[in-house]
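Reader: I'm new to reading structures, and the vocabulary trips me up. Could we go through this one term by term?

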Amino acid sequence: MPFSSSVSPVAVTATGDGTIAEYGEPIAVGVTATDVGTQDTHTIAIDWGDDHSEDASVIQVAGTATESESHVYEIPGTYTVTIVVTDDDNGSATAELTVTTLANIDIKPGSDVNPLNLNGNGLVPVSYTILT
């Protein structure tokens, strides 16, 4: 009788939690998975939390699989990035992290003082809520 086994990756970690970037700039995340199946191959699925996702295949090297991906968000805000690592035996592990993109309004220095540009000195960070 043949023997088969599916062993989940021992651990998956994601770096970049709490990452903050300006709107339009890429946000990078790093993924590391360790697996007792040292010959396993892995697929990493990244859900960026904004209706965009991507898959990446990596090869296990010395018990560790790594991948680095980046993404540019179309709308400033705070997003939960979900990363699922699946090995070729269908074992899987999940990690989540939070990233934030900020919007800045560029008000030219020397413009009239107004509620947004109290000092007439340029970039002013603005918090806001997008209503859908």
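Reader: Why is A33 called buried or exposed?

Author: A residue is buried at under 20% relative accessible area, exposed at over 50%, and partly exposed in between, using a 1.4 Å probe and protein chains only. A33 has 0% relative accessibility, so A33 counts as buried. Before we go on: this is a predicted model, where local features need pLDDT of at least 70, side-chain atom pairs count only at pLDDT 80 or more, and totals for chains, interfaces and linings use all residues. Residues are numbered from 1 along each chain as its sequence is written, and side-chain values use heavy atoms, with hydrogens and water left out.

Reader: What is A33 in contact with?

Author: Contact means heavy atoms within 4.5 Å. Leaving aside neighbours within four places in sequence, A33 is in contact with A11, V12, G63, T64, A65 and V85. A33 sits in strand β3. A33 and T66 are 33 residues apart in sequence, yet their C-alpha atoms are 6.4 Å apart in space.

Reader: You said "strand". How many strands and helices does the protein have?

Author: Both are DSSP runs numbered from the N terminus: helices are H or I with at least four residues, strands are E with at least two. By that count the protein has 10 strands and zero helices.

Reader: What makes β7 and β8 a pair?

Author: Two strands pair if DSSP finds at least two bridges between them. β7 and β8 have 10 bridges and run in the antiparallel sense, so they pair by that rule. In this pairing V81 stands opposite L97 in β8. The two strands form a hairpin with four residues between them.

Reader: Which other strand is joined to β7?

Author: β4 is one, joined to β7 by six bridges, again antiparallel. There, A45 stands opposite V84 in β7.

Reader: What is unusual to look at in the turn of that hairpin?

Author: Have a look at N90, in the loop between β7 and β8. N90 has a positive phi of about 70 degrees although it is not a glycine. With a relative accessible area of 67%, N90 is over the 50% mark and therefore exposed. D51 also has a positive phi, near 70 degrees, and is not a glycine. D51 is in the loop between β4 and β5, and at 82% relative accessibility D51 counts as exposed.

Reader: How do you know that the side chain of D87 makes a polar contact?

Author: A polar contact is a pair of N or O atoms within 3.5 Å; within protein, one must be able to donate a hydrogen and the other to accept it, and residues adjacent in sequence count only if both atoms are side-chain atoms. The side chain of D87 reaches the backbone nitrogen of G91 at 2.7 Å, so the distance fits the cut-off. D87 lies in strand β7 and is buried, with a relative accessible area of 3%.

Reader: Why is the aromatic pair of Y73 and Y79 called stacked?

Author: Rings of Phe, Tyr and Trp (its six-membered ring) pair if their centres lie within 6.5 Å; planes under 30 degrees apart count as stacked, over 60 as edge-to-face and the rest as tilted. The structure holds one aromatic pair. Y73 and Y79 are 4.1 Å centre to centre with 15 degrees between the planes, so they pair and count as stacked. Y73 is buried at 1% relative accessible area, and Y79 is buried at 13%. T101, in strand β8, has both Y73 and Y79 among its contacts.

Reader: What makes a group of residues a nonpolar core, and which residues have the most contacts inside the largest one?

Author: A nonpolar core is a set of buried Ala, Val, Leu, Ile, Met, Phe, Trp, Tyr and Cys residues joined through side-chain atoms within 4.5 Å. The largest one here has 20 residues, and V81 and I83 have the most contacts inside it. The elements giving two or more residues to this core are β3, β4, β7 and β8. I83 touches residues including V31, I44, I46 and L97. In soluble globular proteins, nonpolar side chains tend to be buried together.

Reader: And how much of the whole protein is buried?

Author: Buried residues make up 33% of the 132 residues.
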